[in-house]
Amino acid sequence: EMSEPAIYRLIKLRRRARERAEEHRLLYVAITRAKDMVFLTATKDTGPGIDILRPGLDAADIVDEIIPFDPNKAYAPEYSEPDLVNTAIQLNTDPISIGLASIPATALSVYAKCPAQFHWQFVEGHPGIREGHGSAMLVGSLTHAALEFDITEASVLRRHSAEGTDHEIERALQFANAFRDRIEFAAVRGPANEREQLSVNVHGPVTIAGIADVVGPDYVLDYKTDAEMRPEEHRFQIWAYARAFNKPRGYIAYLAHNVLHEIGPDELAEIDTMVQTHLQDIANGIYDARPSELSCGHCGYRQICKFQFRPDEAAAGQ
């Protein structure tokens, strides 16, 4: 009889295990996208997806609902020529915009730091090459989820990330608990606060959109889990939220440092002028590079940008 080598069977088993793991991940992502309710359908009682879900469905006492076969719905309608539609000719005489028409609130900080990086990221849509930021970004996302949904247990927070490590989960909970418990943030923990509020701001030719973490009675607030405090970068994002919700001040909660940084009315007024200049330059398509140690140090476009900061050349220029 024909027989398979043991190594070949082992390879097939491992490949199948990887495929099953991928099926689990895809199914998890598909189901958890819904906010209130999920409808699942299957053509048979068994199959890859339904077999994965069956233990959970049985544990939750969810009974299958059989949809009876209706022969009247099993056939496509007869073909017929569609009615002709008279379309009016429209001539758009408005000038064509050179720059972007819409940007996220975080993009203003990128443009202020380096317009060339802004161009790669938001105009070209280039993903760039990021190194060493995956874990930090995941911790930040988990921290936001813990605060948005009042999550205090690691097992519950893990539902928001199938790939997060135990250390990342615990780190995110530490940041969230710091905002909940530390006296430094007591002034911005009011019961009237609204969380995760959509902000839309129209400034001339450019629309700025974003989601404010907290909107209070007379302030807006954004959580930051960064290892370094850089309010000069984050102030543009706070400005966008403050102006969108007509609040006189904004705060940056640096959870890794237990620091609440305030941006008051005077500073917001100063940012008004800077933002208008930036937005006009964006509308005009001005994306000149501003190489510096700060802007180039963690830039994901170093390998494709010809304007790179080199400490030796900077020293020679001095």
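Which residues is L279 in contact with, leaving aside its neighbours within four places in sequence? L279 is in contact with I103, L108, H203, V206 and I208. This is a predicted model. The chain has 318 residues, and 30% of them are buried. Its secondary structure comes to 11 helices and 6 strands.

**Overall picture**

- The chain exposes about 21,500 Å². Carbon and sulfur atoms supply 54% of that area.
- Take the contacts between residues at least 6 apart in sequence. Of these, 63% join residues at least 24 apart.

**Nonpolar cores**

- The largest nonpolar core holds 27 residues. I103, L108, F118, I208, W239 and L279 touch the most other members.
- Five elements each supply at least two residues of this core: α3 (107–113), β3 (206–215), α8, β5 and α9 (265–283).
- Helix α8 gives the most to this core, with 6 residues.
- There is also a second, separate core of 22 residues. Its members include L142, L147, A253 and L255.
- Back to L279, one of the residues that touch the most other members of the largest core. Its contacts include I103, L108 and I208, and these three also appear among the most connected members.

**Around Q237**

- Q237 lies in helix α8, which spans residues 231–244.
- Is Q237 buried or exposed? Q237 counts as buried, because its relative accessibility is 6% and the cut-off for buried is under 20%.
- Beyond residues up to four places away in sequence, Q237 touches A105, T106, S109, D222 and K224.
- Two of those contacts, D222 and K224, form a salt bridge with each other. Their closest N and O atoms are 3.1 Å apart.
- Both D222 and K224 are buried.

**Salt bridges**

- Side chains of opposite charge can pair when their charged atoms come close.
- The whole structure contains 16 salt bridges.
- R230 and E228 meet through their side chains at 2.8 Å, N to O. R230 is partly exposed, with a relative accessible area of 23%. E228 is also partly exposed, at 45% relative accessibility.
- The side chains of R249 and E262 form another salt bridge, at 2.5 Å, N to O. R249 lies in strand β5 (residues 249–254) and E262 in strand β6 (residues 259–263), so the pair ties together parts that are 13 residues apart in sequence.
- R249 counts as partly exposed, at 22% relative accessibility. E262 counts as partly exposed too, at 37%.
- Which residues do salt bridges with shared partners join into one network? The network is made of R15, R16, E19, R20 and E23.

**Aromatic pairs**

- The whole structure contains 6 aromatic pairs.
- F179 and F185 have ring centres 5.5 Å apart and planes at 35°, so this pair is tilted. F179 is buried at 6% relative accessibility. F185 is buried at 0%.
- Y219 and Y251 have ring centres 5.5 Å apart and planes at 80°. This pair is therefore edge-to-face, as the cut-off for that class is over 60 degrees.
- The Y219 and Y251 pair links distant parts of the chain, 32 residues apart. Y219 sits in strand β4 (residues 219–224), and Y251 sits in strand β5.
- Both Y219 and Y251 are buried.
- Ring pairs also link Y111, F118, F122 and Y287 into a cluster. F118 is one of the residues that touch the most other members of the largest nonpolar core.

**Nonpolar surface patch**

- Which residues form a nonpolar patch on the surface? I7, Y8, L10 and I11 do, with about 380 Å² of accessible area together.
- I7 is placed in helix α1, which covers residues 6–32.
- I7 is exposed, because its relative accessible area is 55% and the cut-off for exposed is over 50%.

**Strand β5 in several roles**

- Strand β5 holds R249, whose salt-bridge partner E262 lies in strand β6.
- Strand β5 also holds Y251, the ring partner of Y219 in strand β4.
- Strand β5 supplies at least two residues of the largest nonpolar core.

Note on methods: Residues are numbered from 1 along each chain as its sequence is written. This is a predicted model: local features need pLDDT of at least 70, side-chain atom pairs count only at pLDDT 80 or more; totals for chains, interfaces and linings use all residues. Side-chain values use heavy atoms; hydrogens and water are left out. Patches are made of residues with over 30% relative accessible area and no salt bridge: like charges are joined within 9 Å, nonpolar side chains (Val, Leu, Ile, Met, Phe, Trp, Tyr) within 5 Å. Accessible areas come from the Shrake-Rupley method with a 1.4 Å probe; for residues, only the protein chains shown count as cover. A salt bridge is a side-chain nitrogen of Lys or Arg within 4 Å of a carboxyl oxygen of Asp or Glu. Helices (H or I, at least four residues) and strands (E, at least two) are DSSP runs, numbered from the N terminus. Buried means under 20% relative accessible area, exposed over 50%, partly exposed in between (1.4 Å probe, protein chains only). Contact means heavy atoms within 4.5 Å. A nonpolar core is a set of buried Ala, Val, Leu, Ile, Met, Phe, Trp, Tyr and Cys residues joined through side-chain atoms within 4.5 Å. Rings of Phe, Tyr and Trp (its six-membered ring) pair if their centres lie within 6.5 Å; planes under 30 degrees apart count as stacked, over 60 as edge-to-face and the rest as tilted.
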